[in-house]
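Let's take a walk through this structure together. Have the sequence and the 3D view open, and follow along from one stop to the next.

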Amino acid sequence: MKRQKIVYICSPLRGDLEGNIAKANFYSRFAYEQGCIPIAPHAIFTQFLNDGNPNERKSGMAMGLELLDRCDELWAFGPLISDGMKKEIEHARRKDIPIRYLSESLEEE
């Protein structure tokens with residue numbers, strides 16, 4: 001059996017927290033439908049961490065980067081690249097993790 005690709009879902013969180021988590025779940029579903037295993041830390045960690053607390057946000061970002069190290073690719077979604085996304089993309093570049101850019105409508109950019 002072929003090993004499934006693990007992809008890191010990179011999309012904005014701040015601002016419309018509820019809406020952005022819903023989008024992350026939508027992007028995760030898309031990755032799943034492509035035969036991949038999606039990892040969307042910002043949709044998971046916000047269940048028990050407070051993104052408005054600087055220490056908890058920092059912990060969430062650190063844990064996310066640790067997960068990114070274990071992923072085969074990073075998929076960045078949407079027209080906006082937030083500060084958090086920039087850190088994740090830079091981390092992926094340093095680690096030579098392939099990056100795929102997609103629009104909110106799931107089209108390749």
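In which helix is Arg 57 found? Look in helix 3, and you'll see Arg 57 there. One thing to keep in mind as we go is that this is a predicted model. Now, is Arg 57 buried or exposed? Its relative accessible area is 19%, and buried means under 20%, so Arg 57 counts as buried. Leaving out residues up to four places away in sequence, Arg 57 touches Leu 13, Arg 14, Asn 50, Asp 51 and Gly 84. Two of those names come back in a network of salt bridges, which links Arg 57 with Arg 14 and Asp 51.

Next, swing over to helix 1, which covers residues 17-33. How far apart should the ends of this helix be? With 17 residues at 1.5 Å a residue, the expected span is 24 Å, and the end C-alpha atoms are indeed 24 Å apart, so the two agree. Quite a few residues of helix 1 are buried, among them Gly 19, Ile 21, Tyr 27, Phe 30 and Ala 31. The buried residues here have plenty of partners: they pack against strand 1 (6-10), strand 2 (37-39), helix 2, strand 3 (73-77) and strand 4 (99-102). Just past the end of helix 1, Gly 35 takes a positive phi of about 90°.

That packing leads us inside. The largest nonpolar core has 14 residues, and Val 7, Ile 9, Ala 31, Trp 75 and Phe 77 are the ones with the most contacts within it. Strand 1, helix 1 and strand 3 each bring at least two residues to this core, and the largest share, 5 residues, comes from helix 1. For a sense of how the pieces meet, pick out Ala 31: setting aside residues up to four places away in sequence, Ala 31 touches Val 7, Ile 9, Cys 36, Pro 38 and Trp 75. There's also a second, separate core of 10 residues, including Cys 10, Cys 71, Ala 76 and Ala 92.

Charged pairs are worth a stop too, as the structure holds 9 salt bridges. In one of them, the side chains of Glu 73 and Lys 5 meet at 2.9 Å, N to O. Glu 73 sits in strand 3 and Lys 5 in the segment before strand 1, so this pair ties together parts that are 68 residues apart in sequence. Glu 73 is buried at 16% relative accessibility, whereas Lys 5 is partly exposed at 32%.

Other pairs stay within a single helix. Back in helix 1, Glu 33 and Arg 29 are 4 residues apart, about one turn of the helix, and their side chains form a salt bridge at 2.9 Å, N to O. Glu 33 is exposed, with a relative accessible area of 52%, while Arg 29 is partly exposed at 48%. In helix 4 (residues 83-94), Asp 83 and Lys 86 are 3 residues apart, again about one helical turn. The closest N and O atoms of their salt bridge are 3.9 Å apart.

Let's finish on the outside. Which residues form a nonpolar patch on the surface? They are Ile 44, Phe 48 and Met 63, with about 290 Å² of accessible area together. Phe 48 lies in the loop between helix 2 (41-45) and helix 3 (54-68), and at 54% relative accessibility Phe 48 counts as exposed.

Note on methods:
Residues are numbered from 1 along each chain as its sequence is written. This is a predicted model: local features need pLDDT of at least 70, side-chain atom pairs count only at pLDDT 80 or more; totals for chains, interfaces and linings use all residues. Side-chain values use heavy atoms; hydrogens and water are left out. Patches are made of residues with over 30% relative accessible area and no salt bridge: like charges are joined within 9 Å, nonpolar side chains (Val, Leu, Ile, Met, Phe, Trp, Tyr) within 5 Å. Accessible areas come from the Shrake-Rupley method with a 1.4 Å probe; for residues, only the protein chains shown count as cover. A salt bridge is a side-chain nitrogen of Lys or Arg within 4 Å of a carboxyl oxygen of Asp or Glu. Buried means under 20% relative accessible area, exposed over 50%, partly exposed in between (1.4 Å probe, protein chains only). The expected span of a helix is 1.5 Å times one less than its number of residues. Contact means heavy atoms within 4.5 Å. A nonpolar core is a set of buried Ala, Val, Leu, Ile, Met, Phe, Trp, Tyr and Cys residues joined through side-chain atoms within 4.5 Å.
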